[in-house]
Number of protein chains: 2
Amino acid sequence: MGRRATIREVAELAGVSVATVSRVINGAAVAPETAARVGEAVAVLGYRPNGVGRSLKTASSRLIGVLIPSLANPVFAEAVDGIAEGVDGSGYSLLFGASDYRRDRERAGIEALLRYRVDGLVLTVADAAASEVLDLIEAVEVPYVLVYNPAGDHRRPTVTVDNRAAGRAVAERLIGLGHRRLGMIAGRLADSDRARARHAGFAAAAAEAGLPAPTLREVPFTAPGLEPVLAEIFAAPAPPTALFCSNDMLAIAAVAALGALGRAVPDDVSVVGFDGIAIGTLVHPSLATVVQPSRELGRTAAQQLLGRLSGEGAAASVILPHVLRHGKSVGPAAKHSPTASPASNLPAHSLVTRTSTP
Amino acid sequence: MGRRATIREVAELAGVSVATVSRVINGAAVAPETAARVGEAVAVLGYRPNGVGRSLKTASSRLIGVLIPSLANPVFAEAVDGIAEGVDGSGYSLLFGASDYRRDRERAGIEALLRYRVDGLVLTVADAAASEVLDLIEAVEVPYVLVYNPAGDHRRPTVTVDNRAAGRAVAERLIGLGHRRLGMIAGRLADSDRARARHAGFAAAAAEAGLPAPTLREVPFTAPGLEPVLAEIFAAPAPPTALFCSNDMLAIAAVAALGALGRAVPDDVSVVGFDGIAIGTLVHPSLATVVQPSRELGRTAAQQLLGRLSGEGAAASVILPHVLRHGKSVGPAAKHSPTASPASNLPAHSLVTRTSTP
DNA sequence: GCGCCGATTGTAAACGATTACAGTGTGAAT
DNA sequence: ATTCACACTGTAATCGTTTACAATCGGCGC
């Protein structure tokens with residue numbers, strides 16, 4: 001890395017003191033003629049103020065840390081794009097980290113961000129209500145705003161949609177179409193408070209309609225083979241006729257796996273996703289899902305944080321509207337609900353399928 | 001932001017000098033007993049070394065700048081994920097910027113990254129052979145590695161696939177299927193050297209086969225309405241029977257737009273994309289495309305850069321293998337090449353509604 | 001007993017900026 | 001002429017580290 005000009009060299013060349021150069025750079029009052037001389041020196045030397053020196057003195061890094069599970073899921077990529085958009089023009093830059101859905105990496109990522117003395121953080125954590133990293137962040141008093149994590153009794157500022165209401169809406173819609181046996185698959189609930197909220201709403205609506213608790217299966221986030229899981233679900237005596245997936249990636253994989261298993265979507269099974277990623281409208285059949293405004297979620301979170309950083313009180317939680325997107329992956333419950341196969345046919349392991357406990 | 005303990009306070013509490021604390025932190029030789037006392041003080045105070053102070057003194061930020069067009073295209077999101085993976089455990093963090101495919105924002109993004117004195121850069125630029133920002137980066141002598149940008153006569157280190165050969169392979173395949181009139185749509189060629197390379201290979205193969213030069217249409221990167229563009233292409237006297245799109249997002253949009261125009265894919269028109277984003281296998285018809293190993297591209301670029309930063313000579317260019325993915329979006333050229341508008345024969349919706357084929 | 005060595009620790013000067021505070025010079029008011 | 005306000009600029013301390021260099025100490029060989 002080549003030596004860069006320092007403020008001292010600029011000062012020397014312009015024949016002024018470093019203080020004056022600093023003032024010119026930062027737009028403080030200086031005589032126009034002096035400013036011109038300094039400007040010239042800056043241009044000649046290709047001087048670029050050293051942000052590190054500045055940060056050290058001002059105790060402000062002008063850095064915002066971003067920590068999300070993974071960029072491989074478009075819903076997060078879009079949010080980060082939105083954060084970048086929201087931060088644009090503010091003079092802040094984004095320091096990025098991914099947790100890969102793992103709590104230990106979440107912790108490590110935060111440690112790294114804190115080392116750089118980020119001025120604030122935008123992040124999605126496994127569980128906002130019981131989060132070691134959030135406790136840490138609060139202990140060091142770095143302002144932060146959550147994205148996607150549901151707003152709960154924890155009084156933590158978050159920008160999200162109403163996950164619970166959305167889960168409820170999904171169930172109500174399916175029930176309205178005549179479905180009576182509902183199922184849900186989700187990433188590990190222990191590591192996703194949003195999936196829990198979606199499930200809670202979903203199950204609550206089912207209960208209110210007098211239906212049995214929806215079958216619930218948890219799968220790893222980076223699901224390799226969904227087929228065995230689905231095979232198991234549908235080998236059960238009274239399999240669901242509609243499946244709610246805690247995110248679109250899962251839903252799309254589920255539709256594919258169901259196809260491979262010989263189940264038609266939506267004729268045999270309806271499938272609903274969550275997130276509203278762009279691809280959902282392009283897959284076949286098009287995916288019914290809950291659309292959250294991801295880019296806007298990110299942008300809003302960034303703006304909230306920026307507001308907080310410029311001293312406008314605490315950042316507030318914001319609930320943005322979600323919308324149910326109709327898609328060809330849901331249909332009415334089959335008139336002839338596929339009767340359960342004789343119990344003797346069932347492989348024993350099908351019994352491990354768990355049901356939810358609200 | 002709460003006051004954090006400094007090395008001085010730790011030193012005081014442990015009853016040693018700051019030099020000793022620094023040595024403990026950085027693993028230099030100190031008496032075990034002293035180290036223990038310091039460690040305790042660190043724990044008690046919750047001390048976390050200030051990276052800004054460290055960077056200033058050591059003239060190394062341990063930051064790697066990443067600049068890509070947009071996270072909205074999964075191909076870049078995946079690459080960034082790969083970069084994060086490649087950097088993991090190295091002690092470096094990622095400073096992120098997006099150019100939105102615009103040269104001015106490219107420039108602004110780089111300026112911001114340089115301000116933080118990044119130790120190195122991984123980036124995708126509009127045109128590696130004639131790039132103002134690369135000239136700038138070279139002027140300030142910050143090590144960098146390009147991703148996706150084709151390796152050309154410019155001697156700039158880049159990690160990519162052989163775009164030209166891939167373009168050629170696409171043409172050869174289409175020609176092998178009997179296609180004689182080829183077309184291509186691409187983002188603005190002036191702002192994408194990779195699209196140019198793909199086109200060059202594509203056109204070269206067509207020429208060698210004695211075919212007329214493929215129709216070429218450029219569209220904005222964030223294409224809102226492809227329909228008018230495609231309508232125009234297919235209103236021409238002898239429209240192409242196969243369309244090569246410079247990336248998958250475009251290809252997927254093209255398939256949708258063609259459907260809306262009453263052209264069946266692949267029966268009326270074959271469509272091939274580029275990138276191999278995951279969604280391609282899920283859309284209907286599944287997308288034929290050139291698959292590039294995006295995550296690996298990113299990871300490799302990061303590793304190259306890291307190698308360069310730890311002083312192992314200059315980073316080299318790396319060409320990773322691409323593969324042609326078969327997909328249902330290409331088929332043999334229609335025996336009866338459709339000359340007149342077939343739209344009158346078929347209701348448009350019959351072409352877009354398909355049942356799944358497991 | 002002396003000098004020297006190695007191990008350990010301390011002192012203080014950077015790194016590149018910002019910013020109180022002090023200094024200078026000008027013109028206007030008296 | 002003297003004073004004062006004001007506009008402008010300079011001096012120097014400071015932010016939190018790292019690290020060259022110096023200092024201290026106990027022990028060891030002679």
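## A salt bridge to start with

Let's begin with one charged pair: R105(B) makes a salt bridge with D88(A), and their closest N and O atoms sit 3.3 Å apart. Keep in mind that this is a predicted model. Counting across the whole interface of chain A and chain B, the rule turns up four salt bridges.

Polar contacts come into play as well. Between chain A and chain B, 17 residue pairs are in polar contact, both partners being at pLDDT 80 or more.

## Who sits on the chain A side

Which elements of chain A give two or more residues to the side that touches chain B? They are the helices α4 (51-58), α5 (74-87), α6 (103-115) and α11 (248-260), plus the strand β2 (93-98). Sorted by character, the residues on this side of chain A come out as 26 nonpolar, 11 polar and 12 charged.

## Strand meets strand

β2 turns up on the other side too: β2(A) is joined by three bridges to strand β2 of chain B (residues 93-98), and the two run antiparallel. Within that pairing, L94(A) stands opposite F96(B) in β2(B).

## How much gets buried

People often give the size of an interface as the accessible area lost when the parts come together. Here, chain A and chain B bury about 4700 Å² between them, with 60% of that on carbon and sulfur atoms. On the chain A side, R48(A), R117(A) and H284(A) lose the most area to chain B, together making up 17% of what that side buries.

As for head count, 49 residues from chain A and 51 residues from chain B take part in the contact.

Methods. Residues numbered from 1 in each chain as written. Chains lettered and ligands numbered in written order. Predicted model: local features only at pLDDT ≥ 70, side-chain atom pairs only at ≥ 80, totals over all residues. Heavy atoms only, no water. Contact = heavy atoms within 4.5 Å. Buried area = accessible area lost by both parts, 1.4 Å probe. Salt bridge = Lys/Arg side-chain N within 4 Å of Asp/Glu carboxyl O. Polar contact = N/O pair within 3.5 Å; in protein donor to acceptor, adjacent residues only side chain to side chain. Helix = DSSP H or I, 4+ residues; strand = E, 2+ residues; numbered from the N terminus. Nonpolar A, V, L, I, M, F, W, Y, C, P; charged D, E, K, R; others polar. Pairing = 2+ DSSP bridges.
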